[in-house]
Amino acid sequence: MDRYTHGHHESVLRSHAWRTAENSAGYLLDSLQPGMDLLDVGCGPGTITIDLAERVAPGRVVGIDSQSEVIARADELRQRREQANVTFSVGDVYALRFDDARFDVVHAHQLLQHLTRPIDALKEMYRVMRPGGILGVRDSDYAAFAWAPRDPRLERWMHLYHEVTRRNGAEADAGRHLLGWVQTAGFTDAMASSSTWTFADPEGRAWWGGSWADRVRLSSFADQALEYELADRDELDSLADAWKQWADKPDGFFAVLHGEVLARRPAIDP
Ligand SMILES: C[S@@+](CC[C@H](N)C(=O)[O-])C[C@H]1O[C@@H](n2cnc3c(N)ncnc32)[C@H](O)[C@@H]1O
């Protein structure tokens, strides 16, 4: 079983639950039509999934995630938003419990970067797509993140993030690799683009910097950095201070680059 770097501490879920179809799946929206059946793989707390379900209704939407606690949270949100055409269940992207050719659209946001075998995952996503169906995948690319002002502790944070994910066999810079992975998995008509999240006003800085200040101390990322002996508690505390100080700076700027790819399962398999 792959080891998920972030885990589901409240500081991580706070960050994931901010996501919407508009801010995280804009590249896919024009391809969606009412009536399409859609699978969201690695759906996390389900905010994007439910937005997508609104757009494809009355099509049926399924969100799956390997972690039952986050699926429970997604299901609570489904009930609160009274979204009738979506269900959530526990599942593994490497062994999807669906028949072949079941979905018109398969979507995964920020999943492939956490996997040791992203191409195998894409092949499994291909299997459950109808011929001619649409794939939408988007992942961040850590090495391409840009921020100011400079702070050596934030550079250390980036280095540590790469070290921890490498130990987990995952690719933190997945955004730039998506196009190649999708091609290798056998999809056709692949179109790559990129988009960013920017945090550069007081509210955005407080939210992003506050989330990372907690994540570097309290989430699975912190536990793994300690377990792998890549950092000690004092260093994690100092990284948290760096994030808090960055969040308080009036000139603080942070841009998160994502790669994204739209592709199709060929109408006739080669
Ligand atoms: C970074 S989160 C993204 C969540 C959601 N897509 C979003 O963007 O808000 C990645 C999610 O993938 C899930 N995940 C990791 N490995 C998985 C696997 N093998 N199969 C299914 N889900 C997996 C994690 O539990 C986590 O909820």
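Residues are classed here as nonpolar (Ala, Val, Leu, Ile, Met, Phe, Trp, Tyr, Cys and Pro), as charged (Asp, Glu, Lys and Arg) or as polar, a class that takes in the others, Gly among them. In the predicted model, the shell of residues around the ligand divides on this basis into six nonpolar, ten polar and three charged. The shell comprises 19 residues, of which Arg19, Gly42, Asp65, Asp92 and His109 come nearest to the ligand.

Side-chain contacts to oxygen atoms of the ligand were found for several of these residues. Asp65 places a polar side-chain atom 2.6 Å from an oxygen atom of the ligand. For His109, an N or O atom of the side chain is 2.6 Å from a ligand oxygen atom. Arg19 has a polar side-chain atom 2.7 Å from an oxygen atom of the ligand. The ligand taken alone exposes 600 Å², and the protein buries 97% of that area. The site occupied by the ligand is the largest pocket.

Salt bridges were examined next. The structure holds 17 salt bridges. One of them joins Asp37 and Arg60, with the closest N and O atoms 2.9 Å apart. Asp37 lies in the loop between α3 (26-29) and β1 (38-41), and Arg60 in the loop between α4 (47-56) and β2 (61-65), so the pair ties together parts of the chain that are 23 residues apart in sequence.

The backbone was then inspected for unusual geometry. Most peptide bonds are trans, and most residues other than glycine have a negative phi. Against the first of these tendencies, the peptide bond from Ala57 to Pro58 is cis, with omega near 10°. Pro58 belongs to the loop between α4 and β2, the loop that also contains Arg60 of the salt bridge described above. A cis peptide bond also runs from Ala148 to Pro149, where omega is near -10°. Pro149 is located in the loop between β6 (146-148) and α7 (152-167). Against the second tendency, Glu82 has a positive phi of about 50° although it is not a glycine. Glu82 is found in the loop between α5 (68-81) and β3 (86-90).

Note on methods:
Residues numbered from 1 in each chain as written. Predicted model: local features only at pLDDT ≥ 70, side-chain atom pairs only at ≥ 80, totals over all residues. Heavy atoms only, no water. Near = heavy atom within 4 Å. Polar contact = N/O pair within 3.5 Å; in protein donor to acceptor, adjacent residues only side chain to side chain. Areas by Shrake-Rupley, 256 points an atom, 1.4 Å probe, with all protein chains shown as cover. 1 Å grid on protein atoms, 1.4 Å probe; cavity = no way out; pocket = protein on both sides within 12 Å on 5 of 7 lines; lining within 4 Å. Sits in = over half its atoms within 2 Å of the grid points. Salt bridge = Lys/Arg side-chain N within 4 Å of Asp/Glu carboxyl O. Helix = DSSP H or I, 4+ residues; strand = E, 2+ residues; numbered from the N terminus.
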